[in-house]
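Good morning, colleagues. Please look at the model on the screen while I take you through its main features.

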Amino acid sequence: MFDISEFIDKAVAKINALDERINRSTFGRVFRLDGSGHPKTVRGASFFREIRAGLTTFATMAYIVAVNATVLADSGGTCECPAGSDPGCPGDPGYASCQIGLKRDLITATAALSGLASIAFGFLTNLPVSLGPGMGLNAYFTYQVVGWHGTGEVPYKIALTAIFVEGFIFVFLALTGMRQWLVRMIPATIKTACGVGIGLFLTEIGLSYSAGIGAITGGFSTPLAIGGCPPEYLDTKGECSSHIMTNPSMWIGIFLGGIFVAFMMAFKVKSAIVIGIGIVSIMSWPRNTTFTYFPYTDAGEERFQFFKQVVAFHPIRSVLNVQEWDLQGTSGAQFALALITFLYVDIIDCTATLYSMAKFCGVVREDGDFPRSTLAYCTDAIMISIGSLFGCSPVTAFIESGAGIAEGGRTGLTAISTGICFLICLFFAPILASVPPWATGSTLVLVGCLMIRQVININWQYIGDAVPSFVTLAFMPFSYSVAYGLIAGMMVYIVLNTMIWAVVKLTGGRVTPSNWHEKEVYDWGLGARDLPGWVRYLQRNVLPTRFQTCGQKDGVELVDNDSAIHGATDIESDAGVFTFLLNNLGVQNVQFEELLTLEPDSLASLYPVYGVIFLFKYPTDTPYTSTDKPLDGTFDRDAAERLWFAAQTIQNACGTQALLSVLMNKEGEVDVGGPLREFREFTMALPQEFRGEALSNSELIRDVHNSFAKSSPFVDETQRTGGETEDAFHFIAYTPIEGTLYELDGLQPAPISHGACATEDFPTKVMEVLQRRVARYDLSEIRFNLMAMVRDRRIAAREMGDSEMLEREERKRRDWQFENALRRHNFVGFAGAVLKGVVDAKLKEGGEDAYAKWVEDAKAKTRQRLAGRKKGGGEDVEMEG
């Protein structure tokens with residue numbers, strides 16, 4: 001009997017095997033897929049996951065094939081009104097016929113352009129971002145530049161010429177670093193607000209009629225009005241005259257395209273978004289339903305006739321390469337007007353959207369840039385010029401790419417897959433262009449939900465950052481433009497903060513606004529390191545030395561602080577080093593305590609306990625890391641998105657990283673201070689490997705870490721024998737997070753879960769895990785160290801009124817402070833000078849004989865003291881001189 005479950009299991013196994021094989025191939029290495037062996041592997045990226053993400057992006061972008069053509073056709077294109085006609089040729093049958101052909105030309109142009117641009121961008125940048133004619137930009141092109149049916153100030157052909165030139169200007173700006181600088185000069189809080197605003201923008205699109213479920217519509221007496229009525233009940237103003245919220249297609253989109261998809265996402269069903277879009281689309285194709293995409297109307301009949309063709313290709317006849325290059329007379333002024341108009345809108349819209357998508361991917365570095373940014377901006381710019389040859393408005397990174405990223409897309413394969421779908425759409429446009437807007441509307445709302453999570457990273461503490469950020473995120477959906485939202489936010493930011501700065505400056509700092517200390521540090525991003533990579537290469541390798549700029553290293557390596565920590569003879573100094581390291585990082589009311597046993601009671605007595613840090617000998621004879629399964633516990637690969645986990649990329653900083661692994665996951669329990677809070681908020685948007693790199697780029701963490709390095713002026717020049725190897729040690733952290741005990745080890749590929757663990761059960765659970773780890777070593781190995789991060793013990797002493805405990809803890813702090821001071825100073829030179837002075841004094845007293853007698857007396861008294869100790873008696877005898 002045929003076993004369907006067995007068949008499915010075998011099929012899935014074969015697909016997974018093929019997936020892994022492709023990942024390990026040269027093809028996988030080109031795109032840095034997980035398992036390819038590339039030094040910069042993109043973790044979690046696999047061939048089929050990228051393809052699935054590309055299909056998801058295409059499903060959410062497919063509407064542009066019809067919508068972009070419809071909007072651009074409203075410009076009139078190359079259609080000409082007969083002489084003596086009214087502006088726009090209303091009701092002229094010849095003009096209307098020309099527009100039908102124009103629209104079909106633009107359908108082909110949109111599909112071809114989106115396909116070519118997405119493939120090129122994905123291959124050259126390896127980013128999961130798809131390109132296409134921008135929806136906001138096409139409306140700006142049609143209704144504000146060219147005008148409805150060509151009634152604007154700039155003719156269609158001259159506007160295309162301006163777009164062609166604009167693309168090359170953008171290339172120049174990208175090569176000189178100006179586009180990158182434009183992004184870096186935008187305050188970080190506003191850049192975060194851009195991502196949130198785009199999320200709201202997507203939500204608004206998903207709720208609208210043109211590209212969504214039709215839950216809202218533009219109002220006449222109010223900016224927006226509730227919708228949800230069948231299209232036949234929309235009046236001439238676009239509002240629902242009756243039957244509000246009764247449209248069946250809207251409810252199908254909400255429940256099957258939205259709630260059902262969210263339900264599948266909750267259980268991490270692969271391709272949940274694609275499944276939802278497919279179900280709604282197929283349900284909407286039969287004609288004899290109340291929610292059909294092909295109603296018995298003129299528009300519905302036109303769509304159905306196109307749909308019935310299944311396979312069809314329409315060549316571009318009227319808009320290919322129609323730029324007007326004769327710019328004499330009024331044409332020159334029109335060209336200049338169009339160029340300036342597009343430049344100031346497009347450079348902000350295109351640049352901000354591309355940056356926001358890169359940040360949503362998690363590839364934006366701490367300096368505000370992302371890998372291959374110059375190439376990305378140049379590719380985007382060249383596609384703007386190519387787009388004008390196809391008769392289209394400016395090309396931009398599509399915010400719908402966020403749907404593919406949310407589906408797991410991490411590499412350029414996602415964009416290439418989307419591009420191939422658009423090229424296929426050239427021949428299967430009747431099918432692929434028949435995805436109804438209510439099938440994708442709820443998907444856009446879900447993507448907006450994912451993007452708006454960044455709102456917590458906006459600096460709401462300081463009014464000078466909060467208000468401009470809010471204006472930015474609010475103005476984007478309300479103005480239906482990314483560019484206008486960013487312009488509004490920057491204008492408010494400059495005006496408001498200039499006024500505040502003037503008051504502070506004029507009063508000499510005596511008058512400052514509330515929460516002034518919480519303001520975001522801002523710079524213009526004009527340092528030497530902000531130049532494009534190719535410029536820095538020329539400076540280093542081509543230009544004469546006198547023309548090279550003197551800049552600091554981009555990444556400063558951390559001093560080996562771990563060796564300083566472990567080199568102390570007094571074990572309590574480890575806790576002292578870590579405690580003062582916490583204090584210098586700005587953390588309040590937290591300290592470390594040394595644990596000498598693995599008994600749970602010893603840890604429980606220190607309540608509250610935030611986590612423990614465990615030091616052990618790093619095994620060199622057996623594999624330590626594994627991508628499949630750890631030696632104990634299970635990998636929780638999804639946890640890195642919820643908690644702070646950083647891959648260890650700095651070899652000698654495991655102690656500091658283990659400390660931060662506990663600290664950064666205790667938000668709300670521990671006051672980590674403003675700088676670390678900002679660092680956490682920033683790095684949570686990064687992949688775990690970039691969080692590790694960010695440690696060395698944080699000036700605060702780097703300086704505090706290095707300040708505890710032991711001074712060591714002498715180098716050991718003795719040669720080790722061939723059999724001698726130096727033991728290596730490693731720090732890891734254990735802490736309970738959201739009811740689970742996690743092991744946070746930067747050398748492992750993901751956080752390790754050790755099962756459910758309530759806060760009160762942490763001492764028992766963690767000691768069981770540690771005992772199993774210690775048991776894996778030989779009985780002769782005793783070099784382990786365990787420290788607990790706990791609340792400042794002085795607080796408990798004051799609460800209990802225990803003066804003896806308080807005095808003991810204060811004395812401990814003084815001892816720690818003294819030991820740490822000794823650690824940072826070297827007394828070898830001082831001791832050498834003292835010995836030289838003593839020897840010189842003895843030689844002056846009686847020459848060589850007096851010196852020899854002094855040495856022999858010292859030896860005799862040393863032997864006497866040692867003999868007394870062996871007998872169990874005797875006291876130390878002071879050396880006489």
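I shall speak about the sheet, the nonpolar cores, a cavity, and a few individual residues.

First, the conventions. This is a predicted model, in which local features need pLDDT of at least 70 and side-chain atom pairs count only at pLDDT 80 or more, while totals for chains, interfaces and linings use all residues. Residues are numbered from 1 along each chain as its sequence is written, and side-chain values use heavy atoms, with hydrogens and water left out.

Let me begin with the sheet. Helices (H or I, at least four residues) and strands (E, at least two) are DSSP runs numbered from the N terminus, and two strands pair if DSSP finds at least two bridges between them. Seven strands make up an open, antiparallel sheet, in the order 5-11-6-8-9-10-7. Strand 5, residues 590-595, and strand 7, residues 634-635, are the edge strands, each pairing on one side only.

Strand 6 deserves attention. Eight of the nine residues in this strand, which spans 609-617, are buried (under 20% relative accessible area, with exposed meaning over 50% and partly exposed in between, for a 1.4 Å probe and protein chains only). The strand is therefore largely enclosed by the rest of the structure. Six bridges connect strand 6 to strand 11 in the antiparallel sense, and Ile613 stands opposite Met787 of strand 11. Strand 6 also pairs antiparallel with strand 8, residues 729-737, over six bridges; here Phe616 faces His730. At the edge, strand 7 is joined to strand 10, residues 752-756, by two bridges, again antiparallel, and Phe635 stands opposite Ile752.

Which helix lies across strand 5 and strand 11? It is helix 29, residues 793-800, and this helix runs at about 50° to strand 11, residues 785-791. Such angles, from 0 to 180 degrees, are taken between the N-to-C directions of axes fitted to C-alpha atoms, for helices over the stretch in contact.

I turn now to the nonpolar cores. A core here is a set of buried Ala, Val, Leu, Ile, Met, Phe, Trp, Tyr and Cys residues joined through side-chain atoms within 4.5 Å. The largest has 94 residues, and Phe141, Phe342 and Phe370 have the most contacts inside it. Helix 13, residues 330-361, contributes the largest share of this core, with 12 residues. Apart from this core lies another, of 41 residues, including Phe679, Leu744, Met789 and Trp816.

Contact means heavy atoms within 4.5 Å. With neighbours within four places in sequence left aside, Phe141 is in contact with ten residues' worth of surroundings that include Leu72, Tyr156, Ile163, Phe342 and Ser393. Asn138, in helix 6 (residues 135-146), is buried, at 1% relative accessibility. On the same basis as before, Asn138 is in contact with Asn68, Val71, Leu72 and Ser393. The C-alpha atoms of Asn138 and Leu72 are separated by 6.5 Å, although these residues are 66 apart along the chain.

Next, the empty space. On a 1 Å grid over the protein atoms alone, a cavity is a set of points where a 1.4 Å probe fits but cannot get out, and lining residues have an atom within 4 Å of a point. Volume is the space filled by probe spheres set on the points, which are joined across faces, edges and corners. The structure holds five cavities of 30 Å³ or more. The second largest has a volume of about 60 Å³. Its lining comprises 13 residues, of which Gln657, Ala658, Ser661, Leu744 and Gly746 lie nearest the centre. Helix 24, residues 654-663, gives the most to that lining, namely four residues. Is helix 24 largely enclosed or exposed? Since 10 of its 10 residues are buried, helix 24 is largely enclosed by the rest of the structure.

Finally, some backbone details. Tyr607 and Pro608 are joined by a cis peptide bond, with omega about 0°; Pro608 sits in the loop between helix 23 (600-604) and strand 6. Two residues that are not glycine have a positive phi of about 60°, namely Arg372 and Asn589. Arg372 lies in the loop between helix 13 and helix 14 (373-389), and is partly exposed at 34% relative accessible area. Asn589 lies in the loop between helix 22 (572-584) and strand 5, and is likewise partly exposed, at 45%.

Terms used: 1 Å grid on protein atoms, 1.4 Å probe; cavity = no way out; pocket = protein on both sides within 12 Å on 5 of 7 lines; lining within 4 Å.
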